[in-house]
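Biologist: I would like a close look at a single part of this model, one helix and what surrounds it. Please go slowly, and then add whatever else in the chain deserves a look.

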Amino acid sequence: MGDSDDKADMLQVSEDTAHQISVDPWYQVGFVLTTGVNSAYVLGYSASIMVPLGWIGGTCGLILAAAISMYANALLARLHEVGSKRHIRYRDLAGHIYGRKMYSLTWALQYINLFMINTGFIILAGQALKATYVLFRDDGVLKLPYCIALSGFVCALFAFGIPYLSALRIWLGFSTFFSLIYIAVAFVLSLRDGITTPAKDYTIPQSHSARIFTTIGAVANLVFAYNTGMLPEIQATIRPPVIKNMEKALWFQFAVGSLPFYAVTFMGYWAYGSSTSSFLLNSVKGPIWIKSVANLSTFLQTVIALHIFASPMYEFLDTRYGSGHGGPFAIHNIMFRVGVRGGYLTVNTLVAAMLPFLGDFMSLTGALSTFPLTFVLANHMYLMVKRNKLPTFQKFWHWLNVVVFSLLSIIAAVAALRLIMVDSSTYHLFADL
């Protein structure tokens, strides 16, 4: 009776997709992952990770989070081919292993995760535009909500022209170039400022009770920094052998792609200590033209990075509601993207303009979605699929990960919600931060 119930609940997922799959070399996928790690979010990690944790806690946390994230992502990559078929979407994999309810729950978690990441990207792009404007005219005319609206419009234009994730290709090169510009500028100018300002305060701020919540939020940011929450969708684009090539891409991300991220995070904290800005380019001092180039590079890289994290939603909309015929640049398909993707990004932009509290988005996203998707589900799904082949100690290890990260997810969500409540009492909707 139990077997028949399991079969009835087993979800048969479709492998049909309107997007390209199985065409990208491993190094292109590696650059996709690296684009996420070295996105403009890195300009906030000195403040959101190092300041609450300090030198010892922040450094150990970054190293430990990298190791745990690499392990969890490798587990997830090895589950890409289960039941003699590829699972090109996270929700498809969960549906195959658990059934229809987990398919829906996983899709909901992933949607929240990616929606909030994209909202944060639009906030970042708006901050970069405003920072550029303030360098030349600090008259208060161009406010942050206006910059966020302009950023959302540019992101929409980019989304209309890039039909699917694999089509980024040369744009990944531009993304890497833009990342290196703002990271190099932030690194060099922070180094110069740090040398000329010998007295630095590395004291962890706030009272003991408040410090507990900020520490928990920083732990959520550590998880957020390394993980995408959409590994199966990225792995879907890679050429066979999909598991071996995905592991190569992951090693590239964590061994090479993370180095710029470490450099700018540590240098920003070393130079400014506890007074580090939540957007590092606001702390650095230097020639206006150099800071302008860095801010504009931040804006442009953010437009490209957002497209990566929006691609699962685009794939769902294109596959479910698209015409299914004609090339990606046929007029009717372009108009479809204008209407559907434009609508999606309009909602993103409206939320970004209403709630421009960047650190809160990172903390809550890490708590509600990244913890469950990357650590809890990855370990439990691996247990479900490999349970008859795993020794007792390995089973214990995976169960320990499931329990610990489930508890961390709950605790971090409470801390993030508290942070949002504090900020909500300080700032108003459509605030000009």
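Modeller: What follows starts with one helix of this predicted model, then turns to its neighbours and to some loops.

The helix I choose is α13, residues 331-354. Its 24 residues reach 34 Å from the first C-alpha to the last, and this is close to the 34 Å expected at 1.5 Å a residue.

Part of α13 is hidden from the surroundings. The buried residues are Asn333, Phe336, Arg337, Arg341, Gly342, Tyr344, Leu345, Asn348, Thr349, Ala352 and Ala353. What covers them includes helices α5, α6 (144-161) and α12.

One residue of α13 makes a useful contrast with that buried list. Val338 lies in this helix, but it counts as partly exposed because its relative accessibility is 32%, and buried would mean under 20%. If we set aside the neighbours within four places in sequence, Val338 is in contact with Phe160 and Gly343. Val338 can also be used to compare position along the chain with position in space: Gln28 is 310 residues away along the chain, and the C-alpha atoms of the two residues are separated by 27 Å.

Next come two of the helices that help to cover α13. Two packed helices are described by the angle between their axes and the distance between the axes. For α5 (residues 100-136) and α12 (residues 288-321), the axes come within 9 Å and cross at roughly 160 degrees. An angle over 145 degrees counts as roughly antiparallel, so that is the description for α5 and α12. The crossing of α5 past α12 is left-handed. Sorted by class, the residues in this contact are 22 nonpolar, 6 polar and 1 charged.

Within α12, we can pick out His307. His307 has a relative accessible area of 2%, so it is buried. Apart from residues up to four places away in sequence, His307 touches Phe158, Ala159, Ile162, Tyr164, Leu168, Tyr314 and Arg341. Arg341 brings us back to α13, where it is one of the buried residues.

A second pair of helices can be read in the manner used above. The axes of α3 (residues 45-78) and α11 (residues 259-272) come within 10 Å and cross at roughly 140 degrees, and the two helices are therefore oblique to each other. Here too the crossing, of α3 past α11, is left-handed. On the α3 side, the residues that meet α11 include Tyr45, Met50, Trp55 and Leu62. On the α11 side, they include Phe261, Tyr262, Phe266 and Trp270. By class, the contact of α3 with α11 has 12 nonpolar, 5 polar and no charged residues.

Last, there are some backbone details in the loops. Pro240 and Pro241 are joined by a cis peptide bond, with omega about -5 degrees. Pro241 sits in the loop between α9 (231-235) and α10 (242-257). Ser22, in the loop between α1 (2-9) and α2 (26-37), is not a glycine, yet its phi is positive, near 60 degrees. Its relative accessible area is 26%, so Ser22 is partly exposed. Arg169 is not a glycine either, and has a positive phi of about 30 degrees. Arg169 is found in the loop between α6 and α7 (170-196), and it counts as partly exposed because its relative accessibility is 43%.

Methods: Residues numbered from 1 in each chain as written. Predicted model: local features only at pLDDT ≥ 70, side-chain atom pairs only at ≥ 80, totals over all residues. Heavy atoms only, no water. Axes fitted to C-alpha atoms, helices over the stretch in contact; angles between N-to-C directions. Helix = DSSP H or I, 4+ residues; strand = E, 2+ residues; numbered from the N terminus. Parallel < 35°, antiparallel > 145°, perpendicular 65-115°, else oblique. Left-handed = near helix turned anticlockwise from the far one by under 90°. Nonpolar A, V, L, I, M, F, W, Y, C, P; charged D, E, K, R; others polar. Buried < 20%, exposed > 50% of the residue type's maximum accessible area, 1.4 Å probe, protein only. Contact = heavy atoms within 4.5 Å. Expected span 1.5 Å × (residues − 1).
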